[in-house]
Amino acid sequence: MAQFDPKNLKTIGVYASGGDAPGMNAAIRAVVRTAISQNLKVVGIVQGYTGFLEKKFIPMDLRSVANIVQRGGSILKAGRCVDFLQAEVRKTAVENVRAAGIGGLVCIGGDGSFTGANLLWQEHKMPIVGVPGTIDNDIFGTDHTIGFDTAVNTALDAIDRIRDTAASHDRLFIVEVMGRDSGFIAVAAGLAGGAEDIFIPEHPFQIEKTVDLIKRGVARGKMSSILVTAEGQKPGRAYDLADSIRKHSGYLATVCILGHIQRGGTPSASDRLLASRIGSGAVEKLIQGQCDIMVGTSGENLVAVELSQCLKQKKHVNRKLIELAQILSN
Ligand code: F6P
């Protein structure tokens, strides 16, 4: 585990990066208030890595994070910065934060954000601790990421509503949820929402099997069905799926794409608790002189995992849950 000398750590910078996630504000609040309670100063960096380059640095005090624990989005904004792929740009970024007196950073984000953080330590020995914040839940080394629980509940609420109309009209629906590279939201919302089948980016469609499931349901008198798919690399994947089902069976499916509504909204209790615990834990690690790590959870415990491990290893969706959904939706 990487170490640095925390003796000269007087000011911590905090930023949110990548796609926003409900609960990021609760994490920012936890970072700011924990740091101030330990006599550190805090600077908020606005708009992720873009803020490093454009010197969007704002001093944070106890009041600047008042009344945000319940708010979705990120008061420090978020976003992806393509320029950060260039080493020269990263060098400028570190020079800017050091010139602002920042001696350590807390990065709230997903794998793209952690890749940048890891490089800033490797190349410039800028101490950073990561806080996993993405609705996708696809970060190795933590049970959950901030925003996942809220996103699943948002998707679930939509599935429940769609079920009402699907049942009233005897229809087959395909609900598309987020998840570019991973099917965590699809599997959780699909199983909890009683979906007949779930499609995830990690696996190709198995249309014959799905059509067979639907046919068997129809034979038993089942008049409506819901399928859940993750968007994968191409939002609108649900339309391809509907097309394929029509070609294989003649069934017409109605598509509902949930999109970015899953990224917004009031964070759930679970996300606020998670964000508060790991945001605070990240500051404590910096105070102890530990960096180039992510703070996450394993069961009830906080854990520290090297950023390189979080990036190297893949967190796998439990495919047994898809089989369970198929059985339980009978
Ligand atoms: O935040 C994660 C995520 O929501 C993915 O599930 C999705 O594929 C992606 O971000 C889309 O983000 P954007 O529209 O910001 O590129």
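Here are a few notes on the ligand site and the domains of this predicted model.

1. Start with the overall layout. The chain splits into two parts: domain 1 covers 2–147 + 267–312, and domain 2 covers 148–264. Where the two touch, domain 1 puts in 18 residues and domain 2 puts in 13 residues. Taken over C-alpha atoms, their centres are 34 Å apart.

2. So where does the ligand go? It lies between domain 1 and domain 2, because both of them give residues to the shell around it. If you're browsing for pockets, the ligand takes up the space of the largest one.

3. Who's in that shell? The residues around the ligand are Gly19, Arg80, Ile135, Asp136, Met178, Gly179, Arg180, Glu231, His260 and Arg263. Sorted by class, that makes five charged, three polar and two nonpolar residues.

4. Three side chains are worth a look for their distances to ligand oxygens. For aspartate 136, a polar side-chain atom sits 2.7 Å from an oxygen atom of the ligand. For arginine 80, an N or O atom of the side chain is 2.9 Å from a ligand oxygen. For arginine 180, the corresponding distance from a side-chain N or O atom to an oxygen of the ligand is 3.3 Å.

5. How much of the ligand's accessible area does the protein cover? On its own the ligand has 400 Å² of accessible area, and the protein covers 82% of that.

Conventions: Residues are numbered from 1 along each chain as its sequence is written. This is a predicted model: local features need pLDDT of at least 70, side-chain atom pairs count only at pLDDT 80 or more; totals for chains, interfaces and linings use all residues. Side-chain values use heavy atoms; hydrogens and water are left out. A residue is near a molecule or strand if one of its heavy atoms lies within 4 Å of it. A polar contact is a pair of N or O atoms within 3.5 Å; within protein, one must be able to donate a hydrogen and the other to accept it, and residues adjacent in sequence count only if both atoms are side-chain atoms. Accessible areas come from the Shrake-Rupley method with a 1.4 Å probe; for residues, only the protein chains shown count as cover. On a 1 Å grid over the protein atoms alone, a cavity is a set of points where a 1.4 Å probe fits but cannot get out, and a pocket is an open set with protein on both sides within 12 Å along at least five of seven lines; lining residues have an atom within 4 Å of a point. A molecule sits in a cavity or pocket if more than half of its atoms lie within 2 Å of its grid points. Ala, Val, Leu, Ile, Met, Phe, Trp, Tyr, Cys and Pro count as nonpolar, Asp, Glu, Lys and Arg as charged, and the others, Gly among them, as polar. Domain bounds come from an automatic or database domain assignment. Contact means heavy atoms within 4.5 Å.
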